[in-house]
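Reader: I should be grateful for a close look at one part of the description, namely burial and the contacts that go with it. Please give one connected account that I can follow at the bench.

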Amino acid sequence: METNQSSQRNAWRREVYDVLKRNDIRQIAYVPDAGHATAIQLAQEDPDMIEISLTTEEEGIALAAGAWLGGHRSAVLMQSSGVGNCINMLSLVKECQTPLILVVTMRGEFGEQNGWQIPMGSVTEQMLKLCGLVVYRVDHHDDVGHTLQAAINVAYEGGRGTAVILSQKMIGAKEVTKNA
Amino acid sequence: MLDRREVVRKVVMALPERPTIFTSLGNPTFDVSHLGDHPGNFYLFGAMGGAVAMGLGFALAQPQRRVLVVAGDGEMLMGMGSLATVALKQPTNLSILVLDNELYRETGGQATHTAHHTNLAAVAKGCGISSSYDIRDDGELENFMARFKAGGEPMFACAKVRPDPAASVTMPLRSGAAQHFRFIDALKRCSREPEVQQ
(Lines give C-alpha, C1' and ligand atoms only; values in the text may rest on other atoms or scores of the structure.)
Protein backbone atom coordinates (compact mmCIF):
# COMPACT_ATOMS: atom_id res chain seq x y z
CA MET A 1 0.00 0.00 0.00
CA GLU A 2 1.19 3.46 -0.82
CA THR A 3 1.39 5.74 2.14
CA ASN A 4 -0.32 9.09 1.88
CA GLN A 5 3.03 10.80 1.69
CA SER A 6 4.37 8.65 -1.12
CA SER A 7 1.13 8.98 -3.05
CA GLN A 8 1.53 12.76 -2.81
CA ARG A 9 5.12 12.42 -3.92
CA ASN A 10 3.99 10.42 -6.96
CA ALA A 11 0.97 12.52 -7.95
CA TRP A 12 3.13 14.43 -10.45
CA ARG A 13 3.37 11.34 -12.65
CA ARG A 14 -0.33 11.58 -13.44
CA GLU A 15 -0.23 15.37 -13.42
CA VAL A 16 2.12 15.36 -16.43
CA TYR A 17 -0.55 13.63 -18.45
CA ASP A 18 -3.42 15.70 -17.04
CA VAL A 19 -1.70 18.99 -17.93
CA LEU A 20 -0.91 17.79 -21.46
CA LYS A 21 -4.48 16.64 -21.92
CA ARG A 22 -5.94 19.86 -20.55
CA ASN A 23 -3.90 21.83 -23.09
CA ASP A 24 -5.29 19.96 -26.07
CA ILE A 25 -2.13 17.97 -26.75
CA ARG A 26 -3.27 15.46 -29.39
CA GLN A 27 -0.12 13.45 -30.07
CA ILE A 28 2.30 12.05 -27.49
CA ALA A 29 5.53 10.55 -28.85
CA TYR A 30 8.04 8.81 -26.65
CA VAL A 31 10.96 6.55 -26.10
CA PRO A 32 9.98 4.97 -22.79
CA ASP A 33 11.53 5.87 -19.47
CA ALA A 34 10.44 4.64 -16.06
CA GLY A 35 9.74 8.24 -15.04
CA HIS A 36 7.25 8.58 -17.92
CA ALA A 37 5.60 5.18 -17.43
CA THR A 38 2.37 6.60 -15.96
CA ALA A 39 1.95 9.25 -18.68
CA ILE A 40 2.65 6.67 -21.39
CA GLN A 41 0.13 4.26 -19.92
CA LEU A 42 -2.53 6.97 -19.66
CA ALA A 43 -1.87 7.99 -23.28
CA GLN A 44 -2.24 4.37 -24.39
CA GLU A 45 -5.54 4.05 -22.52
CA ASP A 46 -6.98 7.30 -23.92
CA PRO A 47 -8.86 6.63 -27.17
CA ASP A 48 -8.63 10.32 -28.11
CA MET A 49 -4.85 10.49 -27.76
CA ILE A 50 -2.53 9.49 -30.59
CA GLU A 51 0.43 7.86 -28.89
CA ILE A 52 3.54 7.07 -30.87
CA SER A 53 6.35 4.86 -29.69
CA LEU A 54 9.58 5.95 -31.43
CA THR A 55 12.70 4.00 -32.34
CA THR A 56 14.87 7.01 -31.47
CA GLU A 57 14.08 10.36 -29.87
CA GLU A 58 14.99 12.51 -32.89
CA GLU A 59 12.00 11.07 -34.74
CA GLY A 60 9.86 12.79 -32.11
CA ILE A 61 11.30 16.22 -32.98
CA ALA A 62 10.43 15.87 -36.67
CA LEU A 63 7.09 14.23 -35.86
CA ALA A 64 6.11 17.16 -33.61
CA ALA A 65 6.85 19.64 -36.41
CA GLY A 66 4.71 17.64 -38.84
CA ALA A 67 1.90 17.34 -36.30
CA TRP A 68 1.96 21.11 -35.76
CA LEU A 69 1.76 21.77 -39.50
CA GLY A 70 -1.30 19.51 -39.51
CA GLY A 71 -2.95 21.41 -36.65
CA HIS A 72 -2.09 19.09 -33.75
CA ARG A 73 -0.32 20.06 -30.57
CA SER A 74 2.06 17.34 -29.39
CA ALA A 75 4.55 16.46 -26.68
CA VAL A 76 7.68 14.34 -26.81
CA LEU A 77 8.66 12.35 -23.72
CA MET A 78 12.19 11.06 -23.31
CA GLN A 79 15.00 10.28 -20.91
CA SER A 80 18.03 12.57 -20.71
CA SER A 81 20.13 10.10 -22.72
CA GLY A 82 17.75 10.67 -25.64
CA VAL A 83 18.45 14.40 -25.74
CA GLY A 84 21.83 13.64 -27.27
CA ASN A 85 20.08 11.82 -30.11
CA CYS A 86 18.06 14.95 -30.96
CA ILE A 87 20.73 17.58 -31.45
CA ASN A 88 20.79 17.98 -35.23
CA MET A 89 17.03 17.44 -35.52
CA LEU A 90 16.50 20.38 -33.16
CA SER A 91 17.76 22.62 -35.97
CA LEU A 92 14.36 21.98 -37.53
CA VAL A 93 12.68 23.71 -34.58
CA LYS A 94 14.98 26.71 -34.63
CA GLU A 95 14.93 27.13 -38.41
CA CYS A 96 11.19 26.60 -38.86
CA GLN A 97 10.09 28.27 -35.60
CA THR A 98 7.66 25.46 -34.88
CA PRO A 99 6.57 25.00 -31.27
CA LEU A 100 7.85 22.01 -29.32
CA ILE A 101 7.35 20.53 -25.86
CA LEU A 102 9.92 18.05 -24.61
CA VAL A 103 9.47 16.45 -21.22
CA VAL A 104 12.82 15.03 -20.15
CA THR A 105 13.31 12.71 -17.17
CA MET A 106 16.85 12.91 -15.84
CA ARG A 107 19.35 10.12 -15.40
CA GLY A 108 23.00 10.54 -14.51
CA GLU A 109 22.30 12.97 -11.70
CA PHE A 110 21.65 12.67 -7.97
CA GLY A 111 22.52 9.18 -6.74
CA GLU A 112 23.01 7.65 -10.20
CA GLN A 113 24.41 4.13 -9.88
CA ASN A 114 24.96 3.51 -13.57
CA GLY A 115 28.08 5.37 -14.65
CA TRP A 116 27.10 5.11 -18.33
CA GLN A 117 24.26 7.57 -17.69
CA ILE A 118 26.48 10.28 -16.21
CA PRO A 119 28.20 11.68 -19.34
CA MET A 120 24.93 12.61 -21.08
CA GLY A 121 23.05 13.41 -17.89
CA SER A 122 25.63 15.97 -16.86
CA VAL A 123 25.28 17.99 -20.11
CA THR A 124 21.58 17.51 -20.94
CA GLU A 125 20.34 20.89 -19.71
CA GLN A 126 23.20 22.88 -21.28
CA MET A 127 22.79 20.96 -24.53
CA LEU A 128 19.11 21.85 -24.78
CA LYS A 129 19.91 25.51 -24.09
CA LEU A 130 22.70 25.52 -26.66
CA CYS A 131 20.22 24.18 -29.20
CA GLY A 132 18.03 27.22 -28.55
CA LEU A 133 15.25 25.73 -26.45
CA VAL A 134 13.61 27.48 -23.52
CA VAL A 135 14.40 25.13 -20.61
CA TYR A 136 12.62 24.85 -17.28
CA ARG A 137 13.97 22.57 -14.61
CA VAL A 138 11.79 20.98 -11.92
CA ASP A 139 13.38 19.81 -8.67
CA HIS A 140 10.27 19.41 -6.54
CA HIS A 141 7.11 17.41 -7.27
CA ASP A 142 4.87 20.33 -6.29
CA ASP A 143 6.27 22.33 -9.21
CA VAL A 144 5.65 19.82 -12.03
CA GLY A 145 2.15 20.86 -13.06
CA HIS A 146 2.52 24.61 -13.19
CA THR A 147 5.98 24.42 -14.74
CA LEU A 148 4.73 22.20 -17.52
CA GLN A 149 1.81 24.59 -17.99
CA ALA A 150 4.23 27.53 -18.25
CA ALA A 151 6.32 25.64 -20.81
CA ILE A 152 3.23 24.81 -22.88
CA ASN A 153 2.30 28.50 -22.87
CA VAL A 154 5.77 29.44 -24.09
CA ALA A 155 5.67 26.74 -26.78
CA TYR A 156 2.17 27.11 -28.13
CA GLU A 157 1.45 30.77 -27.43
CA GLY A 158 5.00 32.07 -27.65
CA GLY A 159 5.92 29.81 -30.57
CA ARG A 160 9.15 28.43 -29.13
CA GLY A 161 10.89 25.12 -28.66
CA THR A 162 10.62 24.28 -24.97
CA ALA A 163 11.86 21.57 -22.63
CA VAL A 164 10.84 20.66 -19.09
CA ILE A 165 13.53 18.78 -17.21
CA LEU A 166 12.37 16.57 -14.34
CA SER A 167 15.33 16.12 -12.01
CA GLN A 168 16.53 12.76 -10.81
CA LYS A 169 16.38 13.94 -7.22
CA MET A 170 12.64 14.37 -7.59
CA ILE A 171 12.04 11.19 -9.59
CA GLY A 172 14.26 9.08 -7.37
CA ALA A 173 17.43 7.36 -8.52
CA LYS A 174 17.00 3.94 -10.08
CA GLU A 175 18.23 1.14 -7.87
CA VAL A 176 20.79 -1.00 -9.62
CA THR A 177 20.21 -4.61 -8.63
CA LYS A 178 21.64 -7.85 -9.84
CA ASN A 179 18.62 -8.23 -12.10
CA ALA A 180 18.54 -4.70 -13.50
CA MET B 1 17.22 2.73 -64.11
CA LEU B 2 14.61 5.45 -64.26
CA ASP B 3 14.65 9.20 -64.70
CA ARG B 4 14.10 10.80 -61.29
CA ARG B 5 12.17 13.82 -62.56
CA GLU B 6 9.87 11.57 -64.57
CA VAL B 7 9.18 9.31 -61.56
CA VAL B 8 8.39 12.30 -59.34
CA ARG B 9 6.17 13.92 -61.97
CA LYS B 10 4.15 10.73 -62.44
CA VAL B 11 3.66 10.08 -58.74
CA VAL B 12 2.88 13.66 -57.70
CA MET B 13 0.41 14.12 -60.56
CA ALA B 14 -1.26 10.72 -60.14
CA LEU B 15 -3.94 11.69 -57.65
CA PRO B 16 -7.03 13.76 -58.47
CA GLU B 17 -6.18 16.04 -55.56
CA ARG B 18 -2.59 17.10 -55.05
CA PRO B 19 -1.01 15.40 -52.00
CA THR B 20 0.77 17.31 -49.25
CA ILE B 21 4.46 16.72 -49.93
CA PHE B 22 7.47 16.66 -47.63
CA THR B 23 10.84 16.50 -49.37
CA SER B 24 14.20 15.56 -47.93
CA LEU B 25 17.30 17.66 -48.38
CA GLY B 26 19.17 17.37 -51.66
CA ASN B 27 17.77 16.57 -55.06
CA PRO B 28 14.31 15.34 -53.97
CA THR B 29 13.50 18.95 -53.05
CA PHE B 30 14.50 20.16 -56.51
CA ASP B 31 12.67 17.29 -58.24
CA VAL B 32 9.43 18.34 -56.54
CA SER B 33 9.90 22.11 -56.85
CA HIS B 34 10.67 21.63 -60.55
CA LEU B 35 6.97 20.77 -60.98
CA GLY B 36 6.09 24.22 -59.65
CA ASP B 37 6.26 25.64 -56.18
CA HIS B 38 3.24 25.08 -53.94
CA PRO B 39 2.44 26.11 -50.33
CA GLY B 40 1.42 22.49 -49.64
CA ASN B 41 5.04 21.43 -50.22
CA PHE B 42 7.47 21.46 -47.32
CA TYR B 43 11.11 21.33 -48.38
CA LEU B 44 13.78 20.28 -45.91
CA PHE B 45 17.28 21.62 -46.42
CA GLY B 46 18.59 19.94 -43.28
CA ALA B 47 17.25 17.81 -40.40
CA MET B 48 18.56 14.79 -42.29
CA GLY B 49 16.72 11.59 -41.43
CA GLY B 50 13.58 13.43 -40.31
CA ALA B 51 11.48 13.65 -43.48
CA VAL B 52 9.47 10.47 -42.91
CA ALA B 53 8.80 11.25 -39.23
CA MET B 54 7.66 14.75 -40.17
CA GLY B 55 5.33 13.33 -42.80
CA LEU B 56 4.01 10.86 -40.22
CA GLY B 57 3.17 13.60 -37.69
CA PHE B 58 1.28 15.48 -40.36
CA ALA B 59 -0.46 12.37 -41.69
CA LEU B 60 -1.72 11.49 -38.19
CA ALA B 61 -3.04 15.02 -37.71
CA GLN B 62 -4.73 15.15 -41.14
CA PRO B 63 -5.95 11.60 -41.78
CA GLN B 64 -8.26 12.65 -44.61
CA ARG B 65 -5.40 14.16 -46.65
CA ARG B 66 -2.98 12.14 -48.79
CA VAL B 67 0.63 12.72 -47.75
CA LEU B 68 3.73 11.96 -49.81
CA VAL B 69 7.29 11.98 -48.52
CA VAL B 70 9.90 12.20 -51.28
CA ALA B 71 13.33 11.27 -49.96
CA GLY B 72 16.79 10.37 -51.19
CA ASP B 73 18.50 7.11 -50.35
CA GLY B 74 20.98 8.86 -48.02
CA GLU B 75 18.12 10.46 -46.10
CA MET B 76 16.25 7.17 -45.86
CA LEU B 77 19.32 5.29 -44.63
CA MET B 78 19.67 7.84 -41.84
CA GLY B 79 16.00 7.57 -40.85
CA MET B 80 15.40 3.83 -41.28
CA GLY B 81 13.94 3.54 -37.79
CA SER B 82 11.14 5.87 -38.77
CA LEU B 83 9.89 3.18 -41.17
CA ALA B 84 9.24 0.95 -38.15
CA THR B 85 7.39 3.84 -36.49
CA VAL B 86 5.26 4.33 -39.61
CA ALA B 87 4.49 0.61 -39.63
CA LEU B 88 3.50 0.79 -35.96
CA LYS B 89 0.92 3.49 -36.65
CA GLN B 90 -0.19 2.20 -40.11
CA PRO B 91 -1.30 5.63 -41.40
CA THR B 92 -3.44 4.81 -44.44
CA ASN B 93 -2.83 8.25 -46.00
CA LEU B 94 0.99 8.21 -45.95
CA SER B 95 3.18 7.16 -48.86
CA ILE B 96 6.96 7.29 -49.06
CA LEU B 97 8.85 7.56 -52.34
CA VAL B 98 12.61 7.10 -52.24
CA LEU B 99 14.64 8.20 -55.25
CA ASP B 100 17.60 5.87 -55.00
CA ASN B 101 20.60 6.98 -57.07
CA GLU B 102 22.93 4.93 -54.84
CA LEU B 103 25.09 7.92 -54.02
CA TYR B 104 25.47 11.11 -52.03
CA ARG B 105 25.19 13.52 -54.95
CA GLU B 106 25.55 16.73 -52.96
CA THR B 107 28.85 15.79 -51.36
CA GLY B 108 30.79 14.45 -54.32
CA GLY B 109 29.00 11.30 -55.42
CA GLN B 110 30.22 8.87 -52.76
CA ALA B 111 28.44 5.50 -52.90
CA THR B 112 25.68 4.88 -50.35
CA HIS B 113 24.92 1.49 -48.81
CA THR B 114 22.24 0.88 -51.45
CA ALA B 115 25.00 0.69 -54.08
CA HIS B 116 26.12 -2.45 -52.27
CA HIS B 117 23.95 -4.84 -50.26
CA THR B 118 21.12 -2.76 -48.78
CA ASN B 119 17.65 -2.90 -50.30
CA LEU B 120 15.41 -0.18 -48.87
CA ALA B 121 12.13 -1.73 -50.09
CA ALA B 122 13.09 -4.91 -48.23
CA VAL B 123 13.91 -2.80 -45.16
CA ALA B 124 10.49 -1.13 -45.33
CA LYS B 125 8.78 -4.49 -45.73
CA GLY B 126 10.77 -5.92 -42.86
CA CYS B 127 9.76 -2.94 -40.73
CA GLY B 128 6.12 -3.82 -41.37
CA ILE B 129 5.06 -1.66 -44.33
CA SER B 130 3.65 -4.57 -46.27
CA SER B 131 2.93 -2.54 -49.41
CA SER B 132 6.57 -1.91 -50.33
CA TYR B 133 7.80 -1.67 -53.90
CA ASP B 134 11.25 -2.12 -55.37
CA ILE B 135 11.04 -0.22 -58.66
CA ARG B 136 13.64 -0.67 -61.41
CA ASP B 137 11.67 -0.20 -64.64
CA ASP B 138 8.52 1.38 -66.07
CA GLY B 139 6.45 -1.76 -65.53
CA GLU B 140 7.27 -1.85 -61.83
CA LEU B 141 6.55 1.87 -61.59
CA GLU B 142 3.12 1.29 -63.17
CA ASN B 143 2.39 -1.48 -60.64
CA PHE B 144 3.14 0.88 -57.80
CA MET B 145 1.17 3.71 -59.41
CA ALA B 146 -1.97 1.58 -59.52
CA ARG B 147 -1.62 0.82 -55.80
CA PHE B 148 -0.76 4.44 -55.01
CA LYS B 149 -3.88 5.72 -56.78
CA ALA B 150 -6.06 3.28 -54.86
CA GLY B 151 -4.56 4.35 -51.51
CA GLY B 152 -5.95 3.00 -48.23
CA GLU B 153 -2.74 1.77 -46.65
CA PRO B 154 0.75 3.04 -45.90
CA MET B 155 3.03 2.55 -48.88
CA PHE B 156 6.72 2.61 -49.57
CA ALA B 157 8.41 2.72 -52.96
CA CYS B 158 12.11 2.76 -53.72
CA ALA B 159 12.78 3.74 -57.34
CA LYS B 160 16.26 3.11 -58.70
CA VAL B 161 17.10 6.27 -60.65
CA ARG B 162 19.99 7.21 -62.89
CA PRO B 163 22.88 8.79 -61.03
CA ASP B 164 23.22 11.78 -63.35
CA PRO B 165 22.39 15.08 -61.68
CA ALA B 166 19.09 16.67 -62.56
CA ALA B 167 19.31 19.04 -65.51
CA SER B 168 18.14 22.22 -63.88
CA VAL B 169 17.63 23.31 -60.31
CA THR B 170 14.63 25.40 -59.33
CA MET B 171 15.43 26.84 -55.92
CA PRO B 172 12.20 27.06 -53.94
CA LEU B 173 11.52 29.01 -50.76
CA ARG B 174 14.30 27.95 -48.41
CA SER B 175 13.58 29.59 -45.06
CA GLY B 176 12.01 27.06 -42.71
CA ALA B 177 10.07 29.76 -40.85
CA ALA B 178 8.68 31.25 -44.06
CA GLN B 179 7.65 27.79 -45.25
CA HIS B 180 6.03 27.06 -41.88
CA PHE B 181 3.85 30.18 -41.93
CA ARG B 182 3.01 29.84 -45.62
CA PHE B 183 2.06 26.17 -45.20
CA ILE B 184 -0.23 26.79 -42.22
CA ASP B 185 -1.87 29.76 -43.88
CA ALA B 186 -2.56 27.74 -47.03
CA LEU B 187 -3.94 24.81 -45.02
CA LYS B 188 -6.32 27.11 -43.13
CA ARG B 189 -7.62 28.71 -46.32
CA CYS B 190 -7.86 25.29 -47.90
CA SER B 191 -9.95 23.97 -44.99
CA ARG B 192 -12.31 26.93 -45.26
CA GLU B 193 -12.72 26.83 -49.03
CA PRO B 194 -11.60 23.43 -50.26
CA GLU B 195 -12.70 24.02 -53.85
CA VAL B 196 -10.56 27.15 -54.33
CA GLN B 197 -7.18 25.47 -53.95
CA GLN B 198 -7.02 23.19 -56.94
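Author: A residue is called buried here when its relative accessible area is under 20%, exposed when that value is over 50%, and partly exposed in between. The model is a predicted one, and the account below applies these terms to it.

The cysteines come first. A:C96 has a relative accessible area of 4%, so this residue is buried. A:C131, at 16% relative accessibility, also falls under the 20% limit and therefore counts as buried. What is the disulfide count over all chains? The count comes to zero. A disulfide is a covalent bond between the sulfur atoms of two cysteines. For A:C96, the nearest cysteine sulfur belongs to A:C131 and lies 15 Å away. A:C131, in turn, has the sulfur of A:C86 as its nearest, at 8.8 Å. The rule requires two cysteine sulfur atoms within 2.5 Å, so neither A:C96 nor A:C131 is in a disulfide.

Two further buried positions in chain A can be described through their surroundings. A:R13 belongs to helix α1 (residues 4-22) of chain A. With a relative accessible area of 18%, A:R13 is buried. Setting aside neighbours within four places in sequence, A:R13 is in contact with A:A34, A:G35, A:T38, A:A39 and A:I171. With A:I171 there is a particular approach: the side chain of A:R13 reaches the backbone oxygen of A:I171 at 3.5 Å. The C-alpha atom of A:R13 is also 8.8 Å from that of A:V144, although these residues are 131 residues apart along the chain.

A:M49 is found in the loop between α2 (37-45) and β2 of chain A. Its relative accessibility is 6%, so A:M49 counts as buried. Apart from neighbours within four places in sequence, A:M49 is in contact with A:Y17, A:K21, A:I25, A:R26, A:Q27, A:I28 and A:A43. One of these, A:I25, is 24 residues away along the chain, and the two C-alpha atoms are separated by 8.0 Å.

In chain B, burial extends over a whole helix. Eleven of the eleven residues of α3(B) are buried, so this helix is largely enclosed by the rest of the structure. The buried residues of α3(B) include B:M54, B:L56, B:F58 and B:L60. The loop between α3 (51-61) and β3 (67-72) of chain B holds B:Q62, and this residue too counts as buried, at 11% relative accessibility. The side chain of B:Q62 makes a polar contact of 2.8 Å with the side chain of B:Q64. Not counting residues up to four places away in sequence, B:Q62 touches B:N93 and B:L187 as well as A:G70.

The contact of B:Q62 with A:G70 leads to the interface between the chains. This contact takes 25 residues from chain A and 30 residues from chain B. The area buried between the two chains is about 2,000 Å², and carbon and sulfur atoms give 67% of that area. Between chain A and chain B there are zero salt bridges, while eleven residue pairs are in polar contact across the interface. On the side of chain A that touches chain B, the elements giving two or more residues are β2 (50-53), α3 (57-69) and α5 (90-96) of chain A. The largest share, eight residues, comes from α3(A). By type, the residues on this side divide into twelve nonpolar, ten polar and three charged.

Which charged pairs meet in salt bridges? In chain A, the side chains of A:K129 and A:E125 do so at 3.2 Å, N to O. Both lie in helix α7 (residues 124-130) of chain A, where their spacing of four residues places them about one helical turn apart. A:K129 counts as partly exposed at 45% relative accessibility, and A:E125 is partly exposed at 23%. A:E125 also forms a salt bridge with A:R137, with the closest N and O atoms 3.1 Å apart. This second pair links distant parts of the chain, since A:R137 lies in strand β5 (residues 134-138) of chain A, twelve residues from A:E125. In chain B, the side chains of B:R147 and B:E153 meet in a salt bridge at 2.6 Å, N to O; B:R147 is partly exposed at 24%, and B:E153 at 21%.

Methods
Residues are numbered from 1 along each chain as its sequence is written. Chains are lettered from A and ligands numbered from 1 in the order in which they are written. This is a predicted model: local features need pLDDT of at least 70, side-chain atom pairs count only at pLDDT 80 or more; totals for chains, interfaces and linings use all residues. Side-chain values use heavy atoms; hydrogens and water are left out. Contact means heavy atoms within 4.5 Å. Buried area is the accessible area (1.4 Å probe) that two parts lose on being put together, summed over both. A salt bridge is a side-chain nitrogen of Lys or Arg within 4 Å of a carboxyl oxygen of Asp or Glu. A polar contact is a pair of N or O atoms within 3.5 Å; within protein, one must be able to donate a hydrogen and the other to accept it, and residues adjacent in sequence count only if both atoms are side-chain atoms. Ala, Val, Leu, Ile, Met, Phe, Trp, Tyr, Cys and Pro count as nonpolar, Asp, Glu, Lys and Arg as charged, and the others, Gly among them, as polar. Buried means under 20% relative accessible area, exposed over 50%, partly exposed in between (1.4 Å probe, protein chains only).
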